[in-house]
Amino acid sequence: PASLKKVMLTEGDVPDYAFYECDSLERVEIPDGVTAVGLRAFSDCLRLESIVLPKSLTAIGVSAFSGCLGLRTVSFADVETCALTSIGINAFYGCGTLKTVSFGNSLTALPASCFAGCVSLETVDLGGVTQVGKNAFYKCTRLKEIKARANTVFEDGNDAATRLLQA
């Protein structure tokens, strides 16, 4: 519905396209127990500002949050014990106001174009990530700080991130 502003999920995973293009959605609460956010589940929710992901979440689907122009923060209820092991390509593509993101140790790879076009992204903590896909940070020109393991491999198109690590 066009007037939907807040969603409080109670159980079950978030299905593919569940809130796709829900322009009025501003806030989402996802409870512990949810393990997956589906394909384009929140894609193009232009007013979505922040989302707290439960520690039980294991998978974020392809383009799950892409085009969420108002999304400023993505965090985990408990980043140290989160279970996230998989993120789809373009998961946060074009989230133009996203400033910071942190991952725990369970995630080992970021896919291609995961944060491409996140032009306001400033701080990233990769946690356990050791493989960063092509263009994962493409056009992230405001990136100021990135924390990564010494053995993290960055594929082509991640110049903003690799420059910081070499400094």
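The following dialogue discusses how to read several features of a predicted model of one protein chain.

Student: Which secondary-structure elements does the chain have, and in what order do they run from the N terminus?

Tutor: One begins with the inventory of helices and strands. The chain has one helix and 13 strands. From the N terminus on, the 13 β elements come before the α element. The radius of gyration is 15 Å, close to the 15 Å that the globule rule gives for 167 residues, so the chain is as compact as a globular protein of that length.

Student: What box do the C-alpha atoms fill along the principal axes?

Tutor: The box is roughly 45 × 30 × 20 Å.

Student: How should I read burial and surface for the chain as a whole? What percentage of the residues is buried?

Tutor: A residue counts as buried when its relative accessible area is under 20%. Here, buried residues make up 44% of the 167 residues. The chain exposes about 7900 Å², and carbon and sulfur atoms supply 50% of that area.

Student: How many positive and negative side chains are there, and how far apart are the centres of the two sets?

Tutor: There are 15 positive and 18 negative side chains in the chain. The centres of these two sets lie 7 Å apart.

Student: What share of the contacts joins residues at least 24 apart in sequence?

Tutor: One considers contacts between residues at least 6 apart in sequence; of these, 28% join residues at least 24 apart.

Student: How many disulfides does the model have?

Tutor: A disulfide requires two cysteine sulfur atoms within 2.5 Å. By this rule the count is zero. In the case of C82, the nearest cysteine sulfur is that of C114, 14 Å away.

Student: Why does C118 not form a bond with C95?

Tutor: The sulfur of C118 is 5.0 Å from that of C95, its closest cysteine sulfur, and this is too far for a bond. As for accessibility, C118 is buried, with a relative accessible area of 0%. C82 is also buried, with a value of 6%.

Student: Where does S106 lie, and which residues does it touch?

Tutor: S106 is placed in the loop between β8 (100–102) and β9 (109–110). With neighbours up to four places away in sequence set aside, S106 touches C82, A83, L84 and T85. Its relative accessibility is 25%, so S106 counts as partly exposed. One may also compare sequence separation with spatial distance: S106 and A59 are 47 residues apart in sequence, and their C-alpha atoms are 11 Å apart.

Student: Is S56 buried or exposed?

Tutor: S56 is buried, its relative accessible area being 16%. The residue belongs to the loop between β4 (50–53) and β5 (59–60). Beyond neighbours up to four places away in sequence, S56 touches P31, D32, G33, V34, T35 and A83.

Student: What should I look for in the backbone angle phi?

Tutor: Most residues other than glycine have a negative phi. In this model, N90 has a phi near 60°, a positive value in a residue other than glycine. The loop between β7 (86–87) and β8 holds N90, which counts as partly exposed at 22% relative accessibility. N135 likewise has a positive phi, near 60°. N135 lies in the loop between β11 (131–132) and β12 (145–147) and is partly exposed, with a relative accessible area of 22%.

Student: Which residues are in contact with A91, leaving aside neighbours within four places in sequence?

Tutor: A91 is in contact with I60, G61, S63, A64, F65, S66 and C114. A91 is found in the loop between β7 and β8 and is buried, with a relative accessible area of 0%. The C-alpha atoms of A91 and S50 are separated by 15 Å, and these residues are 41 apart along the chain.

Student: How are the surroundings of L143 to be read?

Tutor: One takes the location, the burial and the contacts in turn. L143 is found in the loop between β11 and β12. With a relative accessible area of 9%, L143 is buried. Leaving aside neighbours within four places in sequence, its contacts are L121, E122, T123, V124, A160, A161 and L164. For one of these residues, A161, the C-alpha distance to L143 is 7.1 Å, with the two positions 18 residues apart in sequence numbering.

Notes: Residues numbered from 1 in each chain as written. Predicted model: local features only at pLDDT ≥ 70, side-chain atom pairs only at ≥ 80, totals over all residues. Heavy atoms only, no water. Helix = DSSP H or I, 4+ residues; strand = E, 2+ residues; numbered from the N terminus. Rg over C-alpha atoms; globule rule 2.2 N^0.38 Å. Buried < 20%, exposed > 50% of the residue type's maximum accessible area, 1.4 Å probe, protein only. Contact = heavy atoms within 4.5 Å. Areas by Shrake-Rupley, 256 points an atom, 1.4 Å probe, with all protein chains shown as cover. Lys, Arg positive; Asp, Glu negative; His and termini not counted. Charge placed at Lys NZ, Arg CZ, Asp CG, Glu CD.
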